[in-house]
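Trainee: I would like to go through the labels attached to this model one by one, and to hear for each of them what it rests on.

Mentor: Then let us take them in turn, setting each value against its cut-off before we conclude anything.

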Amino acid sequence: MKKAIYPGSFDPVTFGHMDIITRASQLVDELVVGVLNNSAKNSLFSLPERVSMIEEMTRDLPNVTVASFNGLLVDFMNEIGATIIVRGLRAVTDFEYELQIAQANHVQDERIETVFLTADFKYSYLSSTIVKEFASYGGDISHFVPQCFIDRIYQKYSQKG
Ligand code: PNS
């Protein structure tokens, strides 16, 4: 039984994340999308909002669940019995940071392996930060996130303004 976690901030979840979730779910028995509850990070969306957006997006994937976690990823993985971390690599610029985290997590617990999936070419530029940057100026984000999230994202900026 291979249980993997795809951890991240998902603020908000994008088509790029969804592509990795879909492909990773085909490689393992169970995939948990782990949403980091990082109080130090000033998130646009609350933790419950981020979780529910991913739940909506992954509804049709039967072996995918969504959970939030605090603290160290390796501790959460032990709690839920996951041994594989899935991360997406968009470009070589992601690599240095990801390599460091993967090695540090493996040193923490040698049963834990990180598996990298290369982002689909059409999403190699995409990040939650790009979504927020375009949305904050009222730009077109329809290529980045599902239609049903667009108003929710814009609304965050109209509340602020
Ligand atoms: O989407 P992100 O923000 O790049 O995801 C980063 C994440 C959540 C994978 C990473 O920050 C993480 O695992 N944080 C939990 C705390 C932890 O375990 N830190 C040690 C490894 S950085």
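**Values and cut-offs**

Mentor: Let us begin with Val145, which is placed in the loop between H5 and helix H6 (147-160); please keep in mind throughout that this is a predicted model.

Trainee: Why is Val145 counted as buried or exposed, whichever of the two applies?

Mentor: The relative accessibility of Val145 is 0%, and because buried means under 20%, Val145 counts as buried. As for its place in the fold, the C-alpha atoms of Val145 and Ile54 are separated by 11 Å, although the two residues are 91 residues apart along the chain.

Trainee: What makes Met77 buried or exposed?

Mentor: Met77, which lies in helix H3 (residues 73-80), has a relative accessibility of 0% and therefore counts as buried, the cut-off being under 20%. Its C-alpha atom is separated by 7.6 Å from that of Ile5, which is 72 residues apart from Met77 along the chain.

Trainee: How do you know which label, buried or exposed, belongs to Ala135?

Mentor: Ala135 belongs to helix H5 (residues 128-136), and at 3% relative accessibility Ala135 counts as buried, since the value is set against a limit of under 20%. Between the C-alpha atoms of Ala135 and Ser158 there are 10 Å, with their positions 23 residues apart along the chain counted as the separation.

Trainee: And why is Asn42 called buried or exposed?

Mentor: For Asn42, in the loop between strand S2 (30-36) and helix H2 (47-58), the relative accessibility is 79%, and because exposed means over 50%, Asn42 counts as exposed. From C-alpha to C-alpha, Asn42 and Asp11 are 9.9 Å apart in space and 31 residues apart in sequence.

Trainee: What is noted about the peptide bond from Asp11 to Pro12?

Mentor: The bond from Asp11 to Pro12 is cis, with omega near 0 degrees, and Pro12 is found in the loop between S1 and helix H1 (15-25). In general, most peptide bonds are trans, and most residues other than glycine have a negative phi.

Trainee: What is the phi of Phe10 near?

Mentor: Phi of Phe10 is near 50 degrees, a positive value in a residue other than glycine. Phe10 also has its place in the loop between S1 and H1, and at 3% relative accessibility Phe10 counts as buried, because the limit is under 20%.

Trainee: What makes H1 mostly covered?

Mentor: Eight of the eleven residues of H1 are buried, among them Met18, Ile20, Ile21 and Ala24. At the start of H1, a side-chain oxygen of Thr14 comes to within 3.1 Å of the backbone nitrogen of Gly16, and this pair meets the distance limit for a polar contact, which is within 3.5 Å.

Trainee: How do you know which polar contacts the ligand has with Ser9, Leu73 and Arg87?

Mentor: A polar side-chain atom of Ser9 lies 2.6 Å from an oxygen atom of the ligand, a polar backbone atom of Leu73 is 2.8 Å from a ligand oxygen, and an N or O atom in the side chain of Arg87 is 3.1 Å from an oxygen atom of the ligand. Each distance is set against the limit of within 3.5 Å, so each pair is a polar contact. The protein covers 72% of the 520 Å² of accessible area that the ligand has on its own.

Trainee: Where does the ligand sit, and what surrounds it?

Mentor: The ligand sits in the largest pocket, and the residues around it include Pro7, Gly8, Leu36, Lys41, Phe69 and Asn105. By class, this shell has six nonpolar, four polar and two charged residues, and strand S1 (3-8) and helix H4 (92-108) each supply at least two of its residues.

Definitions and conventions. Residues are numbered from 1 along each chain as its sequence is written. This is a predicted model: local features need pLDDT of at least 70, side-chain atom pairs count only at pLDDT 80 or more; totals for chains, interfaces and linings use all residues. Side-chain values use heavy atoms; hydrogens and water are left out. A residue is near a molecule or strand if one of its heavy atoms lies within 4 Å of it. A polar contact is a pair of N or O atoms within 3.5 Å; within protein, one must be able to donate a hydrogen and the other to accept it, and residues adjacent in sequence count only if both atoms are side-chain atoms. Accessible areas come from the Shrake-Rupley method with a 1.4 Å probe; for residues, only the protein chains shown count as cover. On a 1 Å grid over the protein atoms alone, a cavity is a set of points where a 1.4 Å probe fits but cannot get out, and a pocket is an open set with protein on both sides within 12 Å along at least five of seven lines; lining residues have an atom within 4 Å of a point. A molecule sits in a cavity or pocket if more than half of its atoms lie within 2 Å of its grid points. Helices (H or I, at least four residues) and strands (E, at least two) are DSSP runs, numbered from the N terminus. Ala, Val, Leu, Ile, Met, Phe, Trp, Tyr, Cys and Pro count as nonpolar, Asp, Glu, Lys and Arg as charged, and the others, Gly among them, as polar. Buried means under 20% relative accessible area, exposed over 50%, partly exposed in between (1.4 Å probe, protein chains only).
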